[in-house]
Amino acid sequence: MPDYPIYRDPPEQCRTPDAEERSLWGRTLERIADHCRARSLFVLHYCTGCGAIELPPSMTSRFDLERVGMQPMVTPRQADLLLITGYLSVKTLKRVILTYEQMQGPKYVMGFGSCTINGGMYWNSYATVKRLDQYLPVDMYIAGCMPRPEAIQQAFLQLMEKIDSGRAQNWKEYYRRYDHYLGEQQALFGEQFHTPTDVIGEARHYSLFGPETLGEHTAKLAKYDLYHPGQGAVDALEVKR
Amino acid sequence: MSIALQLLLMPLAAFLVGLAMVLMMRKVRASVERRIGPPWYQPLFDIYKLFAKDTQISHGVMHDVAIMMVLGGIICVVLFLPVPGMSGLSAKGDLITLLYLMMVPSLGMALGVGQTANPNGSIGIARALTAMAGYEIPFFICVAGAALHYGTTDLNQILTIQQHGGHLEHWGIVQMPLLAVAALFAVHAMLGKEPFEIYVAPAEIATGPMVEMSGKYLGTLFVMQCFQLFTVSVLYTTLFLGGGFSWFTLLLKAFAVVFISVLVTNVYPRYRTDDVLRWQWKWPTGIALLGLGMVMLQIGR
Amino acid sequence: MSKSLPTPLEGVFRRVPGVRWRQQAERHLRVELSEAENLPALLALLKGEAGYRHLSAISCVDWPDADEFELVYHLDSYTTQVLISAHIRLPAAPGRYVSVSGLYRPAGFFERDIHEMFGVQFEGALDLRPFILTEWGGPPPMRKSFDTEGYVRDHYQWVDYGPEWLAELEKRGGGIVE
Amino acid sequence: MNAFDLLLYLALATLLPSLLAPKGRSGGMLTTLAYLLQVWLLFSLLPSVSQGGSVAACLEFAAFGHTIGWQLNGFGWFFALITAVSALIASAYATGGWERQCDHASRLHSLMALNVLAMYLLLGAADLISLFIGWELVSWAGFLLMAAPGGQSVQAALRYLIYALAGALALLTAIVLIEQSSGTIQLDALRGALASLPDGLSWVVLALVFVGFGVKLAMPPFHLWQAPAYGYADGPAAAFLGAISSRMGLFGLCLVLVQMVGLERLVGLALPFSFFDAQSLLAWAAAITLIVPTYIALTQNDARLLLAWHGIGQGGFMLLGLMLGNDLGTAGGLLHVLNHASYQAPLFLAVTAVVYRTGTADLDRLGGLIARMPWAYVTLLLGIIGLAGLPPMNGFVSKWLIYKGLLDAQMPLLFVAAVIGTLGTILSVYKLIHNIFLGQLRAEHREVTDAPWGMTGPMLLIAGFAFISGMLPGLGLYLVEPAAAALGLPMPSFDLSAIHAPNGALDMLVVVSALIGAIGFGALLFLNAGRSYRTQPLDNYAGGHFLTAQTRYQYSHHFYAGLLRVIGPWMRPWLVALEQGSGHFLDLASAASRGLYYHNGLRFLVFGTVVGLLWLLIVV
Amino acid sequence: MHPDHYRHTELPPSTEYELYFGPNHPGIEGNYALKARLAGDTVVALEADGGYLHRGFEKLMEQRLWIQNIALVPRICVPDPVPMEETYARAVETLGGLEVPERAQWLRMLVLEMSRLTAHLFYFGGHAATVGLYTNMFWGVSDRDRLLDCFEQLTGARVYHMYITPGGVRRDTPPGFLDSLSEVLDYVEGRLPKFDDLFFDNAVLVRRATGTGTMDQAFAIDYGVTGPNLRATGLAHDLRRDYPYLKYAEVEFDVITETAGDAYARTLVRRGEVIESLRILRQVIDKLRSVPGPIRCPLPNPLAWRIPAGDAYTRTESSKGELAYYIVSDGSAKPWRVHVRGPSQMHAVQTLEALCVGARIEDVAQIMFSLDACPPEVDR
């Protein structure tokens with residue numbers, strides 16, 4: 001049993017320091033940006049599980065999520081919002097982690113359905129992971145199996161509100177606590193697990209470095225030479241499957 | 001108006017009009033699909049959000065330079081396109097220059113996408129260039145016909161000829177109806193709408209050129225879409241619809257051109273790459289050649 | 001047991017030794033082969049002479065008490081329209097059998113599936129590379145000996161759901177009865 | 001002794017260093033210096049050749065009752081300048097590093113010098129005989145240069161030789177015919193002299209001249225030899241040949257068609273039973289030269305062949321412009337000769353730099369080199385923008401002139417043909433740069449670096465010139481002016497940056513500044529919009545999969561599959577069969593001639609002479 | 001020539017390259033992956049890669065009571081869940097010797113056909129989206145929503161209804177349900193001409209779908225293709241008619257066939273089946289107005305329900321093809337073994353791999369959607 005609750009509010013230090021460092025002009029721009037971000041959510045088109053079946057109804061004519069500025073996007077690069085639509089098999093989780101890391105911040109993760117919270121009805125399945133926020137920082141959960149379009153909309157609206165008010169900063173936590181998340185991932189996939197993305201380099205580049213960005217788990221990445229992408233890296237980047 | 005002010009105002013106006021055109025496009029699409037569609041600020045918010053992304057991925061110098069080329073190229077094109085009250089630099093470069101300048105952002109995008117080293121992107125570019133070979137041929141036939149008809153390639157002169165007397169009879173579409181029709185087909189393909197949307201084709205190549213574009217890179221492509229809608233529709237208006245005496249008439253005509261295009265696009269699937277060529281080389285090209293023949297006869301007489 | 005057997009089947013069953021059949025349900029024959037190695041011959045005859053061109057499924061059942069795997073081949077014919085389920089049993093120890101994918105292409109998928117879920121080896125199969133469990137390190141999960149709850153406990157964390165009303169229900173002797 | 005004499009002697013002397021110092025780089029350096037001197041000499045000739053003047057060489061002799069001599073006018077001077085500069089760049093490039101990998105560097109230098117000398121002799125011809133002498137020298141020198149690397153290049157060069165022999169014979173016949181009909185061989189005296197020939201004879205002369213010079217221009221149906229012959233030549237030699245060599249054909253063609261026959265006569269020379277006159281026929285031949293090789297280039301998988309095929313196509317552009325006879329067309333056609341040389345040379349040199357480092361020009365075995373060879377990329381990029389004719393490069397200016405000329409001449413269909421050619425060019429140059437420099441970096445090229453500065457410098461220099469002369473097209477047009485004057489063709493009014501036309505002008509300085517300014521604005525916007533992180537190539541979208549170094553995901557082969565599905569069938573059935581058939585025939589003929597040549601040189605000479613005499617007998 | 005920095009390696013030229021379709025790709029139905037090896041724009045080889053949706057259903061069902069499994073089975077195939085419930089329930093009934101009351105049988109047919117309708121409407125949208133006709137997707141999905149409302153009215157859930165239980169159904173029709181359903185059916189029928197205009201008669205679609213992913217009848221039978229995909233090759237085989245279950249023998253309907261066997265034929269077959277489903281539904285509604293009776297047979301304490309030992313193999317014609325459950329009971333409170341045979345197991349792996357060879361990039365997604373492959377059925 002983990003000793004922290006499933007829902008964790010974003011740590012305060014994630015947002016405030018940079019907000020205070022910024023000038024009035026910078027804060028105003030950031031405020032406008034948050035406003036725009038909330039009203040222009042690009043959802044990644046990745047049907048990770050069966051919850052995806054209620055997305056087309058939410059997106060299309062009847063509920064029309066474009067009314068609130070959401071539209072599906074194809075590749076992780078373009079998207080802001082990753083929907084984990086239900087249970088995650090181990091095989092999918094690997095892809096989801098890569099996909100998440102390939103998304104560009106600010107990025108948000110939404111867990112769909114009970115199975116992302118505690119495994120749901122697949123609690124004793126050998127193939128699915130039970131808790132999503134063990135591996136990725138999650139911004140919003142929708143309970144239920146299967147969540148109804150109304151619930152989905154409600155969650156989206158709440159997420160938008162959270163973004164608008166500047167509280168949806170969990171994506172920074174992934175950089176700040178990368179060692180923790182990597183450790184959880186390695187525990188599941190094996191010690192040699194790594195993605196071709198350079199999370200640590202990005203954290204350094206964007207000043208998102210935190211006390212837990214580096215640690216014993218990230219030390220294992222050293223041999224893949226991810227910190228200095230270039231000459232040798234291409235050789236080593238090979239995922240054991 | 002001083003030229004410096006014009007150089008500032010022309011891109012700004014083009015951008016704003018382009019935003020409105022994108023909004024109209026999305027609204028029309030929504031109503032065809034029986035839904036409400038985005039709020040009025042949506043295109044602007046999308047672009048602002050993309051430019052305000054905190055992290056973004058670059059695949060190399062060319063990827064960055066490409067974005068600058070795209071932004072610069074589209075702005076530069078607008079400077080050569082006369083609009084009511086502002087002729088910009090259009091006296092220094094004519095229709096052919098304009099059409100060639102329009103290829104600069106495309107080239108920039110092609111190079112940038114190439115550096116992202118994604119096969120989807122490369123296929124997308126290969127398809128886009130192929131489609132270009134498809135629609136540019138009829139379009140250039142129309143341009144040749146129009147240039148012969150007006151006896152000039154200077155856009156200001158073309159506008160003067162058409163607006164002479166303020167009657168419809170001098171409009172390109174009245175004088176050269178076949179060319180105007182063919183050019184409309186080509187313009188539709190130039191805007192990359194279904195059934196000629198092969199180079200984006202999300203279900204096949206995952207949006208092709210845009211596949212590795214994040215944040216401001218993608219935002220630039222959104223901006224490019226705004227400018228492209230403006231440029232193409234205003235160019236068509238200038239060549240065939242008599243341009244505009246005022247901004248109101250110009251926008252009325254330009255929006256009508258885009259409206260026809262977006263109305264058609266929503267009821268067609270996309271053709272395969274080779275079918276795009278076959279279609280473009282059959283119908284618009286054939287009509288354009290007929291129209292060209294008529295222009296030749298007129299000139300000969 | 002049943003009397004009304006379509007004519008081609010009668011002959012086919014007679015020509016393969018060790019075939020016992022009975023009507024399991026309406027238009028569903030259950031065929032048991034005492035010798036597992038006779039199955040390909042039976043399938044070949046069924047396909048060739050009785051028009052059984054459709055292999056509906058191959059099911060595998062683990063019988064750990066007998067140390068056996070049971071393979072069930074479900075066949076259908078678009079002409080006679082009588083379903084046939086042919087049962088064979090294999091010793092679990094080597095867990096080997098011959099592939100029938102040369103006869104029925106769909107067998108390729110089912111054999112691949114059974115191979116990764118039960119660990120049964122099919123000789124001459126089209127493709128036995130993992131399909132679903134490509135990133136799986138454990139034993140074949142569908143075997144009865146595989147303890148899925150134990151595996152889950154070892155590999156995943158989950159939040160226990162123990163509301164008070166359930167505890168009370170259990171105290172009163174409710175809940176799941178074995 | 002005037003500057004032209006000096007030039008010829010210097011060109012002869014340029015042969016020496018590489019012959020005398022076959023080892024080491026001093027020979028190459030001296031050769032390069034000699035080319036530099038030649039360029040300087042040519043510029044010093046500019047005042048005397050402009051305004052239709054000319055400079056006669058003191059070298060002359062008498063034969064066949066005529067005085068054979070050499071005299072350089074503005075037209076020849078224009079081509080000679082391009083020749084000298086191309087040779088200078090190629091030689092500097094070779095000396096700068098390329099020859100380190102080459103076991104026959106001195107042979108290359110001396111053969112290139114021989115080529116330059118031969119071209120001077122051709123370009124400075126004062127009469128038909130010296131023209132023929134120069135022509136033959138150019139052919140043979142070209143052959144030797146093409147065949148220098150050995151191997152498959154010899155085969156290609158022999159193919160060229162077969163064509164060149166046939167062309168030479170046709171030319172000889174034409175010369176005899178002209179001499180017979182006009183009674184003189186002096187080019188000055190022949191100016192407009194052929195305008196009064198009867199129709200039938202005019203057609204014969206035209207056909208013979210077309211064959212004779214068209215072979216060098218590789219106009220269809222004589223297009224088969226050039227691409228392999230240039231493509232497989234040594235890199236610097238390929239750049240030199242590609243930049244200028246086949247323009248000699250254009251020179252000859254213009255000499256006869258424009259100077260002797262005159263475009264007015266061509267217009268009046270109607271092809272019986274058709275709408276065509278000789279001018280439009282030639283223009284259409286030029287358009288076909290523009291389109292067919294360009295779309296053949298699209299299907300090439302070897303970077304050098306692709307470029308060589310484009311060289312043929314661009315020749316069509318030049319001829320098209322010159323056949324128009326109006327001011328814009330003339331300026332465009334001649335300017336395109338200069339502009340083409342200025343981007344074709346860097347293109348070949350950049351590709352050669354890639355071959356120098358990677359050992360291959362196979363477009364399926366390259367990719368992603370932009371990270372490793374950025375300067376070669378820049379060169380190639382500037383080159384392809386020029387070749388595709390997009391602003392801001394100079395290729396755009398000459399193409400713009402030709403387009404405008406076509407519209408002014410009311411030839412919209414030829415305009416469309418030119419556009420079709422340009423579209424094909426854009427397509428294939430993107431394939432070229434994509435397959436070499438963009439996309440996935442191959443594992444074996446991970447440690448490749450840019451070519452040494454000795455190579456990179458010259459190619460960047462000439463590419464830079466292509467950009468500058470695009471921004472200031474007046475630079476090139478000043479050089480074109482004497483040529484047009486010598487031909488007696490009109491020129492548009494222009495200044496350093498702009499070309500004036502009443503119905504649509506072009507001010508490249510404004511266009512380029514606007515473009516650069518706008519790109520600068522874009523850069524400001526880009527740089528202020530939040531930082532980006534440079535990631536490594538495997539961090540890439542693959543549908544959620546993990547890419548590995550072993551995955552081959554470079555899309556290079558069959559790049560325009562969709563397009564080729566449509567135009568492939570048009571090419572395939574008869575055209576390819578014909579091409580292959582004639583190609584095989586040529587190979588057979590060249591093999592036979594090689595056999596003869598290798599086994600008994602004397603017998604080969606006798607054989608060649610007999611064939612030539614037979615030909616003369618039949619014709620005359 | 002021996003360049004300075006040239007290191008000789010044996011890397012082959014990139015005449016062939018790899019392109020990954022999925023799992024994160026809009027051209028993929030669900031969470032599934034296709035690895036294509038391409039030459040130019042032509043597929044040289046295609047490898048299906050499944051297991052992204054693997055939850056180990058068959059194992060899970062061995063761990064749960066007979067009655068608990070009702071909650072699991074619909075989740076095996078999301079777009080068309082009702083046949084899963086029906087097949088499972090019928091297998092349990094066969095094993096346990098349960099008799100389903102007549103009204104329950106009609107109710108089951110009602111939800112089965114409604115589910116087929118929703119699946120086919122979804123299919124129209126999906127197929128259209130792969131070729132870029134998004135309007136059709138919006139229309140199809142929103143029209144499907146009307147049927148989901150009916151489901152909600154009847155079962156209380158939109159997607160996972162868990163309506164069919166062994167021995168009957170969970171609840172009877174609420175008042176006014178049949179009328180509102182009839183209205184929806186009329187609405188859907190009225191929409192069909194619009195779909196014809198937009199989709200089936202669209203010249204561009206016909207151009208794209210004709211001749212794409214063509215299989216002949218022998219190929220289809222050889223690869224175990226079933227359902228509408230098989231009927232599109234001209235073989236009139238339908239389990240509802242050939243092995244009638246429930247009351248299918250008592251309703252009138254036609255088995256729709258096409259002969260071309262390409263993507264367009266498969267779409268047309270489904271369009272025909274929509275009409276047939278409407279026909280069946282109307283007959284069922286009429287019956288439901290007249291047939292009274294209980295809606296399920298009496299069951300023992302479901303938490304201690306033991307099923308006699310034995311095995312059963314039951315098949316249902318789902319919207320995608322032949323769906324079958326093989327259930328073995330050892331007489332305990334839980335199934336000993338459940339094997340799910342989904343039609344997509346045949347369509348999405350071997351058939352798709354074979355059909356895509358020689359196809360073009362443009363058509364891969366279309367071929368997959370036109371087979372109506374459902375990955376969760378494959379992965380279970």
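In this predicted model, 30 residues of chain A are in contact with 27 residues of chain E, a contact being two residues whose C-beta atoms, placed from the backbone, lie within 7 Å. Two elements of chain A give two or more residues to the side that touches chain E: helix 3 (55-59) and helix 4 (90-102). Helix 4 of chain A gives the most, with four residues. By type, this side of chain A splits into 14 nonpolar, 11 polar and five charged residues; here Ala, Val, Leu, Ile, Met, Phe, Trp, Tyr, Cys and Pro count as nonpolar, Asp, Glu, Lys and Arg as charged, and the others, Gly among them, as polar. Helices (H or I, at least four residues) and strands (E, at least two) are DSSP runs, numbered from the N terminus.

A word on conventions: residues are numbered from 1 along each chain as its sequence is written, while chains are lettered from A and ligands numbered from 1 in the order in which they are written. Since the model is predicted, local features need pLDDT of at least 70 and side-chain atom pairs count only at pLDDT 80 or more, whereas totals for chains, interfaces and linings use all residues.

Eight pairs of chains touch, and the pair with the most contacts is B and D. Chain C, on the other hand, makes no contact with chain B, and the closest C-alpha atoms of these two chains lie 24 Å apart. Chains C and D are not joined by any contact either, with their closest C-alpha atoms 13 Å apart.

Chain D holds 23 helices and six strands. Its radius of gyration, taken over C-alpha atoms, is 24 Å, which agrees with the value near 25 Å for a compact globule of 620 residues; the globule rule is 2.2 Å times the number of residues to the power 0.38. Along the principal axes, the C-alpha atoms of chain D fill a box of roughly 80 × 65 × 55 Å. Of its 620 residues, 64% are buried, where buried means that 20 or more other C-beta atoms lie within 10 Å of a residue's own (exposed: 12 or fewer; partly exposed: in between), with C-beta atoms placed from the backbone. Among contacts in chain D between residues at least 6 apart in sequence, 77% link residues at least 24 apart.

Chain B has 13 helices and just one strand. That strand comes after two helices, in the pattern α-α-β-α-α-α-α-α-α-α-α-α-α-α. With a radius of gyration of 19 Å, close to the 19 Å given by the globule rule for 301 residues, chain B is as compact as a globular protein of that length. Its C-alpha atoms fill a box of roughly 60 × 45 × 40 Å along the principal axes, and 72% of the 301 residues count as buried. For contacts in chain B between residues at least 6 apart in sequence, the share joining residues at least 24 apart is 80%.

The largest nonpolar core has 610 residues, and those with the most contacts inside it are Ala183(B), Leu320(D), Val354(D) and Ala418(D). Such a core is a set of buried Ala, Val, Leu, Ile, Met, Phe, Trp, Tyr and Cys residues joined through C-beta atoms within 7 Å. Helix 6 (residues 119-150) of chain B supplies the largest share of this core, 20 residues. Leaving aside residues up to four places away in sequence, Val354(D) touches Ala361(D), Leu366(D), Leu369(D), Met373(D), Ala376(D) and Ile436(D).

In chain C, strand 3 (residues 54-63) runs antiparallel to strand 4, joined by nine bridges; two strands pair if DSSP finds at least two bridges between them. Ala57(C) stands opposite His74(C) of strand 4. Four residues lie between the strands of this hairpin, in which Asp67(C) takes a positive phi near 55 degrees. Strand 4 is also antiparallel to strand 5 (residues 83-91) of chain C, through eight bridges, with Glu70(C) opposite Arg89(C). This second hairpin has six residues between its strands, and Gln81(C) takes a positive phi near 55 degrees. Seven of the nine residues of strand 4 (residues 68-76) of chain C are buried, so this strand is largely enclosed by the rest of the structure.

Chain E contains an open, antiparallel sheet of three strands in the order 6-7-8. Strand 6 (310-317) and strand 8 (337-341) of chain E are at the edges with a single partner strand each, so one side of each has no neighbour in the sheet. Strand 7 (residues 322-329) pairs with strand 8 of chain E over five bridges, one of the partnerships being Tyr326(E) with His339(E).
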